[in-house]
Amino acid sequence: MDAGVVHEFRRNGRSALEIGTQVALLDRAGAGAQAVALLEGFADREASEEALLAGVRAAARAVAHAEWLKARYAARLAACARLEYPDYTGVINVAAEEISLSLRISPREAERYVSVGRAIAGAFWATGAALEEATISFDHAWVIVDCLSTVDLGVAIPVEGKALERARDRTPAELRRDIARLLVEFDPEGADDRAAVAAGKRRVGRVRPAADGMARMSLFLRAPDAVSLDTALDAAATAAHAAGDSRTADQLRADVLAGWAATALSRGTAVTLADGTTVTSAPSTIAVTVPLEVIMRALPGFTPPSSVADTLRGELGGDPDRGVSRAESTHGTTAAGPADGHRIEAPWLEGYGPISPAVALLLAAGGTWQRIVTDTLTGDPLDVGRHRYRAPAGLTTALRIRDHTCVRPGCSVPSGRCDRDHLHEWSDGGVTSLANQAPECSWHHRVKSAGAAAVTVRAPDGSRTWTSRLGRYRRPPERD
């Protein structure tokens, strides 16, 4: 950004600028530190709607420039030999791990910075220049790198050029469609080969928790399969509407898909193998952990103590029967302030996370759900339902109840899909005990086994410390 822009702002800083001047100044803002200084100066001033929108655009350009810097540093970090560790597959690079831990972002997001940084430092320098100049966002740059990094450079570079010509006027999703079309137009012979490779990456994403007991899942399928699923769900919703069902089309599509899964859980599902033969999976159960107090709430005549929300509402509404001061509360330690109230341990749905008491009670009734009742105070398992004749040896169940996810900070892979790792290695004399075991997803187990990280035993408050090559990171207890 021209230094004259900042000078002009400062010269007019004490007076109200005309709308046109405001917009012009902000639209001329570049992507460096001076642009940030200009934006900070405008942030608390009177401004028109047009100028505010121009400010949003200018801030986005500043962010894009910062993302360019992050990608460059990430690529340089990944080039450091200290972050390469040999293991049974060859060599693993843990630069993205270090970035993920330090920035508190997912490993996949961190890997994007490494990938983009490497690409723009090499053949995709034009994408890097556009990101540096903030004419595209990091998301646009990632789309270009993701779509073209495995394509022959003789095709990838001209496609990159065409994509950059229109990227300014495209959303990342539109740009991805443009690149897909350009690849077919530029290299129709290679399109089939690329489609076959891409089909090998088909997958259904794991559950991602959302607010209020909801969740998201993603699908990555062959286009014909995705269209078939979409059309089948539409047909089911249309039939339900024709029969008078009042649910929306979106609700019906979701409920039909969930119904298919419920049937597969209770009856098993047929799977066609590569050789054409068919096998049927066994009926499956999913664990739902319910504190004893939640079960007790369903008993006639049981009156639970006031919750934190109840006591706070009582205090704010002036209801002495509902509001309890800290001095009167058995849970508080200070003599003033809002009431603590009573907290219960949240029920837990395996593979998802905390759920509401009402949903937990419904699932605990049985069906495809394995009920695990825990002591409200200690969290120890009291009852695992009738799905097992004998009480479990305790280790696997206790591990799942104690550590709901992989113990690496920020990792959300459910413990039921994790490896049970010996913190003090078995080969070094470690014992197979609850205290010496922790759930780790397959990737983080590899990272630890390669010597790139270490994890402490669980502290009395439930916390752990994960130590990487470049830092120490605390995984706090699930409930403080």
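Q: A helix is a DSSP run of H or I with at least four residues; which helix gives the largest share of the lining of the second largest cavity?
A: In this predicted model, the largest share comes from H5, with three residues. H5 spans 95–103, and E17 also gives two or more residues to this lining.

Q: What makes Val94, Glu97 and Trp466 lining residues of the second largest cavity?
A: Each counts as lining because it has an atom within 4 Å of a point of the cavity. The others that line it are Glu98, Leu101, Val447, Ala452, Ala453 and Ser468. The volume of this cavity is about 40 Å³, and its lining divides into six nonpolar, one polar and two charged residues.

Q: Why is the space lined by Trp348, Glu350, Arg400, His404 and Ser415 called a cavity?
A: It is called a cavity because a 1.4 Å probe fits there but cannot get out. These five lie nearest the centre of the largest cavity, among twelve lining residues. The volume is about 80 Å³, one of two cavities of 30 Å³ or more. Strand E9 (286–291) and helix H17 (395–402) each supply at least two lining residues.

Q: What makes the second largest pocket a pocket and not a cavity?
A: A pocket is an open set of points, whereas a probe cannot get out of a cavity, so the space of about 1900 Å³ is classed by its openness. Of its 45 lining residues, Val207, Ala215, Met217, Ala258 and Ala261 are the closest to the centre. H13 gives the most, eleven residues, and the lining holds 26 nonpolar, eight polar and eleven charged residues.

Q: How do you know that E16 and E17 pair?
A: Pairing needs at least two bridges, and E16 and E17 have three, so the criterion is met. The pairing is antiparallel, and Ala453 stands opposite Ser468 in E17.

Q: Why is one side of E16 and one side of E18 left without a neighbour in the sheet?
A: In the open sheet E16-E17-E18, strand E16 (453–455) and strand E18 (472–475) are at the edges and each has a single partner strand, so one side of each lacks a neighbour. From one strand to the next, the twist averages 20°.

Q: How do you know that the charged end of Arg446 sits over the ring of Tyr88?
A: The charged end of Arg446 lies 5.5 Å from the ring centre of Tyr88. The cut-off is 6 Å, together with an angle within 35 degrees of the ring normal, so this distance satisfies the distance condition.

Definitions and conventions
Residues are numbered from 1 along each chain as its sequence is written. This is a predicted model: local features need pLDDT of at least 70, side-chain atom pairs count only at pLDDT 80 or more; totals for chains, interfaces and linings use all residues. Side-chain values use heavy atoms; hydrogens and water are left out. On a 1 Å grid over the protein atoms alone, a cavity is a set of points where a 1.4 Å probe fits but cannot get out, and a pocket is an open set with protein on both sides within 12 Å along at least five of seven lines; lining residues have an atom within 4 Å of a point. Grid points are joined across faces, edges and corners, and a volume is the space filled by probe spheres set on the points. Ala, Val, Leu, Ile, Met, Phe, Trp, Tyr, Cys and Pro count as nonpolar, Asp, Glu, Lys and Arg as charged, and the others, Gly among them, as polar. Axes are lines fitted to C-alpha atoms, for helices over the stretch in contact, and angles run from 0 to 180 degrees between N-to-C directions.
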